[in-house]
Amino acid sequence: MTIAEIKQNIRDIKDFPIEGIIFKDLTTAFKNPDCMKFFEDNMYDLYKNKGITKIIGIESRGFIMAPILGNRLGVGFVPIRKKGKLPANVMEVSYEKEYGIDTIQIHKDALNENDIVLIHDDLLATGGTMKAACELVKKFNVKKIYLNFIVELDFLEGTKNFDKDINVSSLIHY
Ligand code: AMP
């Protein structure tokens, strides 16, 4: 598989979920086992020697690759979810999205200060979601944070939202 072939497996949906957004639909890539293998191997190679202790996935499309990589690395998975979904005590951050305002939460006992954390989401657009996720994770005083995306929309310059010392990696750029 090449990046060009992966791109052929990502479908553009015009005006979803609102007018003016071109939605990068990764379900067409996720249903192709060659794409899934490529995503998994790429992520594993990037993070196998980084001492990662927890993989965080952001609801809901971040929940697809994050646990797969967690299993491969032999580390646990932690969900960041939309408000009202997590059952125990939570911390939360609100933020503005490309289309609307949202609040995300994490369990208060999900991480500790010895953790080296990889936060994964399927796609980086404006970066609001991942910035909020970083704010949540920083509350735990973890040792280090890595950020990973399958797709990055370069023209939205989402990486500007992240601290300079945070390592960011995206497989596919538009
Ligand atoms: P943002 O906070 O703007 O970086 O938005 C990132 C989140 O919204 C990710 O969880 C994506 O799944 C979703 N998202 C935003 N824009 C798009 C888009 N154009 N295509 C697909 N997903 C998107």
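1. Arg72 is partly exposed in this predicted model, with a relative accessible area of 33%. Its side chain meets that of Asp41 in a salt bridge, 2.9 Å from N to O. Asp41 belongs to helix α3 (residues 33–47) and Arg72 to helix α4 (residues 62–73), so the bridge ties together parts that are 31 residues apart in sequence. Asp41 is likewise partly exposed, at 24% relative accessible area. The pair also belongs to a network of salt bridges that links Lys37, Glu40, Asp41 and Arg72.

2. The structure holds 13 salt bridges. Another one joins Glu59 to Arg81, with the closest N and O atoms 3.1 Å apart. Glu59 sits in the loop between β3 and α4, whereas Arg81 sits in strand β4, so this pair ties together parts that are 22 residues apart in sequence. How do the two partners stand in terms of burial: buried, partly exposed or exposed? Glu59 counts as buried because its relative accessibility is 15%, and the cut-off for buried is under 20%. Arg81 is partly exposed, with a relative accessible area of 23%.

3. Glu92 and Lys83 form a further salt bridge through their side chains, at 2.9 Å from N to O. Here each partner is partly exposed: Glu92 has 35% relative accessibility, and Lys83 has a relative accessible area of 49%. The value for Lys83 can be read against the cut-off for exposed, which is over 50%.

4. Lys24 deserves a separate remark. This lysine lies in strand β2 (residues 22–25) and counts as buried, at 12% relative accessibility. What does the side chain of Lys24 make a polar contact with? The partner is the side chain of Asp12, at 2.6 Å. Leaving aside neighbours within four places in sequence, Lys24 is in contact with Ile10, Arg11, Asp12, Leu123, Leu153 and Tyr174.

5. Val151, in strand β8, is buried, with a relative accessibility of 0%. Not counting residues up to four places away in sequence, Val151 touches Ile10, Leu26, Asp122, Leu123, Leu124, Ile172 and Tyr174. Ile10, Leu123 and Tyr174 are thus among the contacts of Val151 and among those of Lys24. Asn112 is 39 residues from Val151 in sequence, and their C-alpha atoms are 29 Å apart in space.

6. On the nonpolar interior: nonpolar side chains tend to be buried together in soluble globular proteins. The largest nonpolar core in this model has 27 residues, and those with the most contacts inside it are Ile56, Ile106, Leu111, Ile119, Met130, Val137 and Leu147. At least two residues of this core come from each of β3 (54–58), β4 (76–82), β5 (90–97), β6 (100–107), β7 (116–124), α5 (128–138) and β8 (144–152). Helix α5 gives the largest share, six residues. Apart from this core lies another, of 26 residues, which includes Phe30, Met43, Ile55 and Met65.

7. Ile106 can serve as an example from the largest core. Leaving aside neighbours within four places in sequence, Ile106 is in contact with Ile56, Val78, Pro79, Ile80, Leu86, Asn89, Val90, Met91, Leu111, Leu136 and Phe140. Ile56 and Leu111, among these contacts, are also listed with the residues that have the most contacts inside the core.

8. Is α5 mostly covered or mostly open? Mostly covered: eight of its eleven residues are buried. These are Gly128, Thr129, Met130, Ala132, Ala133, Cys134, Leu136 and Val137. The cover over the buried residues of α5 includes β3, β4, β5, β6, β7 and β8. Those strands each supply at least two residues of the largest core as well.

9. Last, the empty space. The structure holds one cavity of 30 Å³ or more, and about 30 Å³ of space lies in the largest cavity. Which residues line the largest cavity? The lining consists of Phe39, Asn42, Met43, Asn148, Phe149, Ile150 and Leu171. Elements α3 and β8 are those that give two or more residues to this lining. Met43, a lining residue, is also a member of the core of 26 residues.

Technical notes:
Residues are numbered from 1 along each chain as its sequence is written. This is a predicted model: local features need pLDDT of at least 70, side-chain atom pairs count only at pLDDT 80 or more; totals for chains, interfaces and linings use all residues. Side-chain values use heavy atoms; hydrogens and water are left out. Helices (H or I, at least four residues) and strands (E, at least two) are DSSP runs, numbered from the N terminus. Buried means under 20% relative accessible area, exposed over 50%, partly exposed in between (1.4 Å probe, protein chains only). A polar contact is a pair of N or O atoms within 3.5 Å; within protein, one must be able to donate a hydrogen and the other to accept it, and residues adjacent in sequence count only if both atoms are side-chain atoms. Contact means heavy atoms within 4.5 Å. A nonpolar core is a set of buried Ala, Val, Leu, Ile, Met, Phe, Trp, Tyr and Cys residues joined through side-chain atoms within 4.5 Å. A salt bridge is a side-chain nitrogen of Lys or Arg within 4 Å of a carboxyl oxygen of Asp or Glu. On a 1 Å grid over the protein atoms alone, a cavity is a set of points where a 1.4 Å probe fits but cannot get out, and a pocket is an open set with protein on both sides within 12 Å along at least five of seven lines; lining residues have an atom within 4 Å of a point. Grid points are joined across faces, edges and corners, and a volume is the space filled by probe spheres set on the points.
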